[in-house]
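Trainee: Got a minute to go through this one with me? I'd like to start with the empty space inside and then poke at the surface and the backbone.

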Amino acid sequence: MTITMRRIFRETVMTVAVLLMAAVPGHQRLAAQEAGGQVPGVEQAGGKQGGVMELTLEGAMDLACGQSVDAAVALNQLKSAYWQYRTYKAERLPELVFNGTLPTFNNNYNSYQNADGSYGYVRSNWLGLSGELSVTQNIPFTGGTVSLSTGLDMTRQLGTGAYNEFMSVPVALTLTQPLFSVNTFRWDKKIEPVRYAESRAAYSEDMEEVKMNTITYFFNYILAVENLKIAEQNLENADKLYSIAQERRKIGQISETELMQLSLSALQAKADVTERRSNLNGAMFNLRAFLGLSEQDTIVAVLPEAIPLPELDYQDVLSRALANSSFAQNILRRKLEADYDVATAKGQRYQVDLNVTVGYSGVNRELAMAYNDIRDQEVVSIGLSIPILDWGKRKGQVKVAESNRDVVRSQLRQEELDFNQNIFLLTEQFNNQAGQLELARESDRVAYARYQASVESFLIGRMSVLELNDARDAKDLARQDYVQQLYYYWYYYYNIRSVTLWDYATGTPIKADVDALLADEN
């Protein structure tokens, strides 16, 4: 063996060792995670070292649920629903109101009709004060309103011979009752509790969706990190292989075409490093923005391992989804609202309102006497609005409402079918994903081993550049596919959680502590 051949052989052996060592760290990390260990130098979620935040998937979810914009929007929607429900409850309680005019001053001329039918103008110069305190109670059973009030009016005639005039209403009871209109209170009692239950469940679903969005941003960043590692490793390998190929070309072991192909691969590897570093910066920016972190934070994401989960049964998932999610409440609410619209249209065909006021009043120029010399007063009125000829307008309004109700019912039936189908597909996807992930893990291992063998074969002249590039591309794709399949595994799992509000890992329901979140609102 010549000196040149021995030198090339030594360099080849050293290059193989370097190439193999360069490709090991990523798989060592994977092996440590699959064994349940933690990568050395990586803290759990929330840890910081010199501006570097090392973050697990669970830690990223905690940050997103605590300070992301999506979480804040979900909380504000819950608060809005809470206050709407509080308003509904308050409408069923008595209301104490004070109405007053303090004061009214009048100094002008008013027209006055004389006994002979002629008109003249008289001077009006007076000062008025009035006040009324009333307690009003809605009547949910009938849809009417009853109020108990007391009031006092004072009029002071100004000018020559000024005097005061008092009118007291010590007590008055007023009933306002629509006789044929829809009872809004009764319908609210049916609709509003369902609406609030839907909002509480929707908040828990929104928080699970925040976690799903976190998974997407988190894995996009991890994939960008893996792609950059692959590109840097490929660049290092390409440079070393090109250097070895130049020596082998001098002794005629490879052709000029193969040498140029390796040179082109090295140039392409440099371009890939630049592109994937830019993609990594973009993915980190998106993840930081979603989690509400500062631009000065540098994230080191820890690739999560798959957790063992049981195979899910479609009927079990569907029953939990219908029992826990907001979908069933949404369907019920919309059915009730459609029925309410029909009842409203029917109630507007004939309008009859009964108004009754009974009580006592007194009038005197002295305040005390206005309360001593009191007399009873009664006011009864029945207002009617009965169409005689409306050319079918009101009947048409009822028919339109009934048609709209039928449309809503048909839409809801279709939505129920779509919901069931989506649950079935999601269950199938999740059950299949564990197998897909295992296949991707094995493919990653085999592709990596094949690339190692290909490098060795190429360096001893038993493999062409094209075959080496094919093994490299297969290794890169297998690694990317493994990360992608791991993403699908976690995403499907949290998707199942979001539609069922059930944690299959622990066998416990998922319920946000809504009462604690709304404690400051009371």
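Trainee: Which elements each supply at least two residues of the lining of the largest cavity?

Mentor: Those are α4 (184-250), α5 (256-291) and α10 (465-500). Keep in mind that this is a predicted model.

Trainee: OK, and which of them gives the most?

Mentor: That's α4, with four residues in the lining.

Trainee: How many cavities of 30 Å³ or more does a search of the whole structure find?

Mentor: Two. The largest has a volume of about 90 Å³.

Trainee: What residues line the largest cavity?

Mentor: Asn234, Asn237, Ala238, Leu241, Leu262, Ser265, Tyr451, Leu468, Asn469 and Arg472. By type, that lining splits into five nonpolar residues, four polar and one charged.

Trainee: Let's take asparagine 469. Where is it found?

Mentor: Asparagine 469 sits in helix α10. Its C-alpha is 9.7 Å from that of valine 455, and the two residues are 14 apart along the chain.

Trainee: Why does asparagine 469 count as buried?

Mentor: Because its relative accessibility is 11%, and buried means under 20%.

Trainee: Switching to the outside. What makes up the nonpolar surface patch of about 1,000 Å²?

Mentor: Leu96, Phe98, Leu102, Leu129, Leu133, Val135, Leu148, Val171, Leu173, Val358, Tyr360 and Ile374. The elements giving two or more residues to the patch are β3 (95-113), β4 (119-139), β6 (163-178) and β8 (351-364).

Trainee: Pick one for me. Where is the place of leucine 133?

Mentor: Leucine 133 belongs to strand β4. With a relative accessible area of 39%, leucine 133 is partly exposed.

Trainee: On to the backbone. Which residues does a cis peptide bond join?

Mentor: Leucine 102 and proline 103, with omega at about -10°. Leucine 102 is also one of the residues in the nonpolar patch, and proline 103 lies in strand β3.

Trainee: And what is the phi of leucine 501?

Mentor: Leucine 501 has a positive phi of about 50°, although it isn't a glycine. For context, most residues other than glycine have a negative phi, and most peptide bonds are trans.

Trainee: Where does leucine 501 have its place?

Mentor: In the loop between α10 and β10 (502-503).

Trainee: Is leucine 501 buried or exposed?

Mentor: Leucine 501 counts as buried, because its relative accessibility is 4% and the cut-off for buried is under 20%.

Definitions and conventions: Residues are numbered from 1 along each chain as its sequence is written. This is a predicted model: local features need pLDDT of at least 70, side-chain atom pairs count only at pLDDT 80 or more; totals for chains, interfaces and linings use all residues. Side-chain values use heavy atoms; hydrogens and water are left out. On a 1 Å grid over the protein atoms alone, a cavity is a set of points where a 1.4 Å probe fits but cannot get out, and a pocket is an open set with protein on both sides within 12 Å along at least five of seven lines; lining residues have an atom within 4 Å of a point. Grid points are joined across faces, edges and corners, and a volume is the space filled by probe spheres set on the points. Ala, Val, Leu, Ile, Met, Phe, Trp, Tyr, Cys and Pro count as nonpolar, Asp, Glu, Lys and Arg as charged, and the others, Gly among them, as polar. Patches are made of residues with over 30% relative accessible area and no salt bridge: like charges are joined within 9 Å, nonpolar side chains (Val, Leu, Ile, Met, Phe, Trp, Tyr) within 5 Å. Accessible areas come from the Shrake-Rupley method with a 1.4 Å probe; for residues, only the protein chains shown count as cover. A salt bridge is a side-chain nitrogen of Lys or Arg within 4 Å of a carboxyl oxygen of Asp or Glu. Buried means under 20% relative accessible area, exposed over 50%, partly exposed in between (1.4 Å probe, protein chains only).
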